[in-house]
Each structure stands twice: as structure tokens, then as C-alpha cells.
Amino acid sequence: MVSDQEILKVTDLYKKFPITKGALLKKEVGSVNAVNGINLTLNESETLGLVGESGCGKSTAGRAILRLLEPTSGKVEFEGTDITTLSRGEMVPMRSRMQMIFQDPFSSLNPRHTVGSIIGAPYEVQGIKPAGGVKNAVRETMERVGLNPEHFNRYPNEFSGGQRQRIGIARAVTLRPKFIVCDEPVSALDVSIQAQVINLLQDLQDEFGIAYLFVAHDLSVVRQISDRVAVMYLGHIVEQASRDDLYTHPYHPYTHALLSAVPVPDPKVEAQRERIVLRGDLPSPINLPSGCVFSTRCWQAQDKCHTDVPELQDMGNGHKVACHFPIMEFLGNSLIIGPDSGMTEQPDRVVPPPSEVLQSLQGGRATRPKGIDYAEGEEPI
Ligand SMILES: Nc1ncnc2c1ncn2[C@@H]1O[C@H](COP(=O)(O)OP(=O)(O)OP(=O)(O)O)[C@@H](O)[C@H]1O
Ligand code: SF4
Ligand SMILES: [Mg+2]
């Protein structure tokens with residue numbers, strides 16, 4: 001249940017990576033503009049999905065929010081404190097309340113440490129002594145995330161990918177944080193295991209009231225777990241709305257393109273669909289396009305789009321879009337092949353309306369028997 005208590009507020013966050021030249025006197029000759037002035041909020045127990053194609057700045061945004069990367073400018077308020085002004089020492093206690101789960105369950109765990117010491121490390125870092133001792137507390141957390149506490153002394157390489165991700169999740173929730181950045185936590189896992197890990201994250205959210213910033217490029221996964229969704233393109237948030245509004249009434253051309261690429265499990269619906277094909281690659285974040293960042297690939301672009309930056313405007317009900325010409329209606333049976341305007345073709349096949357397509361996507365929380373269930377090969381260890 002999402003609370004109305006705001007826990008995180010990000011204002012005008014920028015992260016640039018300097019490009020330097022010269023071995024000794026490093027001269028700055030440019031910068032990679034990875035995150036370009038994003039604004040977002042998160043309430044207690046809420047999940048905000050952050051989607052966009054590879055290289056658009058999702059991970060950098062997540063890390064800058066946690067100050068694992070130092071933001072170039074902007075403000076991150078967590079539980080009312082502006083953490084961008086805190087010293088390293090002052091950040092340490094904050095870390096017990098803000099955590100991260102990484103994409104790769106293989107490289108994110110130290111192979112030389114036992115599972116018990118990995119999951120118990122936050123107690124040592126924070127100097128916290130739990131009642132009953134660290135070992136008991138770690139075993140309790142292991143049990144909570146579906147790991148066998150008897151395997152306290154085993155090493156990460158003795159576990160499967162799904163089990164390793166459970167270890168990563170256990171480490172993140174050891175100190176019962178209130179906010180976790182989940183950076184593509186299921187992308188490296190088999191589909192059957194993905195659902196179990198998502199169910200686990202949702203159970204932990206319900207139990208401990210955790211807010212998630214859930215980074216992913218898979219829109220079906222984001223739809224399953226998110227309360228709200230933000231769409232990112234070249235370091236900008238171009239659309240933000242409640243999950244249902246975004247998936248049924250997207251306004252931004254880029255969101256339409258992303259949604260048209262989501263596979264639908266119903267073969268009849270899938271056979272009728274057309275994709276919106278975006279021409280060209282994501283432009284370089286070193287030289288951002290002038291005006292709207294999407295203008296080089298947008299089939300709707302007009303003169304104004306190449307000169308004026310569109311601000312995020314509220315279309316009602318908190319549904320925000322950054323576009324001079326938001327798409328107000330369903331795109332009909334058009335096969336849109338941008339970037340040139342006027343290139344809309346009329347194919348023989350008809351594109352089903354988004355509502356029909358999206359009904360076929362599994363919506364809401366994944367259902368399963370109460371407690372943690374295991375697919376074949378994913379039994380508790
Ligand atoms: N340490 C760094 N130094 C220089 N550039 C970087 C650094 N880290 C990331 N970048 C650049 O910043 C941009 C955003 O990268 P980021 O990893 O945040 O994207 P992403 O959306 O998470 O992509 P993916 O979906 O592939 O994980 C990319 O162009 C990337 O090359
Ligand atoms: S502002 Fe113009 S270029 Fe940008 S998304 Fe909207 S129509 Fe396309
Ligand atoms: Mg990433």
C-alpha cells in the first residue's frame with residue numbers, strides 16, 4: 001500500500017562525466033552528459049519504474065541519487081535531508097536507509113567472502129550490534145529471502161543465478177532500509193526465476209515499507225512491479241505517469257515507440273501489431289541535439305522542436321510529458337518509420353489499440369501461493 005508520505009525528492013539532478021586530454025595536465029575538452037536535469041519524487045512503499053534504452057542514463061541516475069556517484073549539480077532530499085550537502089562521514093548512517101541491488105548477481109558478490117559475511121557486512125560497516133548477534137540476524141534475513149540459513153558458510157559460486165540475486169537482495173535489506181535502487185535486478189535471470197525475484201521484492205516492500213526506484217528496459221517487467229513509471233531519453237525524463245495512464249494513454253512519441261516494441265503473449269494480437277521503427281541510434285550524450293533531445297528521431301518533429309526545449313507539462317492527474325506536440329489519440333493503423341514527418345504509411349495490417357494490446361500484457365502483481373515458491377532447480381539451498 002503506497003503511503004502519502006514523501007520519502008525522496010530529486011530536483012534538477014545533473015551528472016556529467018568530464019572528457020580529458022593529456023597525460024599530466026589533464027585538460028577538460030568536453031563531457032558526457034549522462035543525466036540532464038531530472039526531477040522525481042517517491043513516496044514510502046511506492047515503486048517508480050525508470051525505463052529507457054541502453055545508454056540513456058538510468059544507472060547513472062540511480063547511482064547519483066544514492067551518491068555512489070557524485071552528482072554534478074542538483075538536490076536529492078531523502079527523508080527531508082538534502083544528502084548532496086553531507087560529508088562522506090555524514091553519509092555513512094544514511095547508507096543504512098538507502099541501498100542498491102545490482103543487475104549482475106555474479107560480479108556484484110565478492111567470491112572470496114562467505115554468504116554470511118556478505119549479508120552481515122552492513123552491520124560491521126555501520127557498527128550495529130543486533131539483539132541476538134549478527135549470525136542470528138543474518139540467518140533470519142537469509143530465511144526471509146528464501147535462502148537456506150544452513151548455507152551461511154558457503155561461497156557465492158556454489159549458488160545459481162537466482163539464488164545469488166537473493167543474496168544481493170538479502171545484503172540490501174539487512175538493515176531494513178526505506179529506499180532501494182534496483183538496477184535491472186532481473187535482467188540477467190531466466191524468465192521463470194524473474195517472476196520469483198519480483199514476487200520477493202514485492203513481499204519485502206509490503207513487509208518493510210520499502211520504496212523502490214526500479215530501473216529496467218523491459219516494459220513488461222516494469223508494468224508488473226511499478227506504481228508509477230518515468231520514461232528516460234538521453235538523460236531527460238520525457239514522460240512520467242501512473243502505470244495505467246502511461247501504458248494506456250502515452251503522450252510522448254518515444255513512449256509510443258517503446259510500447260510498440262513490447263511483445264504480447266497473445267499470438268493473435270501479436271500477429272496484428274505493427275512496430276514503430278525509430279531510425280538511427282541514440283545520439284551521443286557528448287553532443288546533445290538542440291531543442292528537444294528526441295528531435296533527431298521523432299517522426300512528428302517540426303521546426304520548433306529543433307530550437308525550443310520542451311518542458312515537462314502536466315496533462316492532468318500527474319501525467320507529465322515533455323513534448324511540443326504530444327500525441328493525444330491512438331496512432332491508428334500507421335506504421336511510423338521516422339524521423340521525417342509525413343512518412344506515415346498505411347499498411348494492410350491493422351494495429352490493435354493500445355488498450356487491447358495492453359490487456360494481453362500481464363497487469364498488476366504476479367499471483368502465486370502465499371509464501372515463497374520455487375521453480376525447478378531453484379529450490380531453497
Ligand atoms: N564512468 C563513466 N565515464 C564516462 N561515461 C560514462 C560513465 N558511466 C556511464 N557513462 C556514460 O553515460 C551514459 C549513460 O550510461 P548509463 O550506464 O547510466 O546508461 P543506462 O541507461 O544505465 O544503460 P544500460 O541500459 O545499458 O545499463 C552512457 O553514454 C555511458 O557511456
Ligand atoms: S517536442 Fe517535437 S521532436 Fe520532441 S518528441 Fe515532441 S514532437 Fe517529437
Ligand atoms: Mg544501466
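A residue counts as near a ligand if its C-beta atom, placed from the backbone, lies within 6 Å of it. Keep that cut-off in mind. And remember that this is a predicted model.

Start with ligand 2. Its shell holds 13 residues. The closest are Cys292, Cys298, Ala301, Cys305 and Cys323. How does this shell divide into nonpolar, polar and charged? We get 9 nonpolar, 4 polar and no charged residues.

Now ligand 1. Again, 13 residues surround the ligand. Phe17, Ala34, Ser54, Ser59 and Thr60 are the closest. Here the split is 5 nonpolar, 7 polar and 1 charged. Which elements each supply at least two residues of this shell? They are strand β2 and helix α1, residues 58-65. The largest share comes from α1, with 3 residues.

On to the strands. β1 covers residues 6-21, and β2 covers residues 27-43. They run antiparallel, joined by 13 bridges. Thr20 sits opposite Glu28 of β2. The two strands form a hairpin with 5 residues between them. Look at Gly22 in that hairpin: its phi is positive, near 95°.

β1 has another partner to show you. That is β4, residues 73-78, also antiparallel, over 5 bridges. Within this pairing, Thr11 is bridged to Lys75.

Next, the open sheet. It has 8 strands, and the pairing is mixed. Read across, the order is β6-β7-β8-β3-β9-β10-β12-β11. Which strands are at the edges? β6, residues 98-101, and β11, residues 313-314; each pairs on one side only. At the β11 end, the neighbour is β12, residues 320-321, antiparallel over 2 bridges. Gln313 has Val321 of β12 as its bridge partner. A helix packs on this sheet too: α5, residues 161-173. Helix α5 touches β6 and β7, and its direction makes about 175° with that of β6.

Last, the interior. The largest nonpolar core counts 88 residues. Which residues have the most contacts inside it? Leu50, Val51, Ile180, Leu213, Phe214, Val231 and Tyr233. Among the contributors, helix α6, residues 191-208, gives the most, with 7 residues.

Take Leu213 as a closing example. Leave out residues up to four places away in sequence. Then Leu213 touches Leu42, Leu48, Leu50, Gly62, Ile65 and Val181. Leu50 is itself on the list of residues with the most contacts in the core.

How values were computed:
Residues are numbered from 1 along each chain as its sequence is written. Chains are lettered from A and ligands numbered from 1 in the order in which they are written. This is a predicted model: local features need pLDDT of at least 70, side-chain atom pairs count only at pLDDT 80 or more; totals for chains, interfaces and linings use all residues. Ala, Val, Leu, Ile, Met, Phe, Trp, Tyr, Cys and Pro count as nonpolar, Asp, Glu, Lys and Arg as charged, and the others, Gly among them, as polar. Two strands pair if DSSP finds at least two bridges between them. Helices (H or I, at least four residues) and strands (E, at least two) are DSSP runs, numbered from the N terminus. Two residues are in contact if their C-beta atoms, placed from the backbone, lie within 7 Å. Axes are lines fitted to C-alpha atoms, for helices over the stretch in contact, and angles run from 0 to 180 degrees between N-to-C directions. A nonpolar core is a set of buried Ala, Val, Leu, Ile, Met, Phe, Trp, Tyr and Cys residues joined through C-beta atoms within 7 Å. A residue is buried if 20 or more other C-beta atoms lie within 10 Å of its own, exposed if 12 or fewer, and partly exposed in between; C-beta atoms are placed from the backbone.
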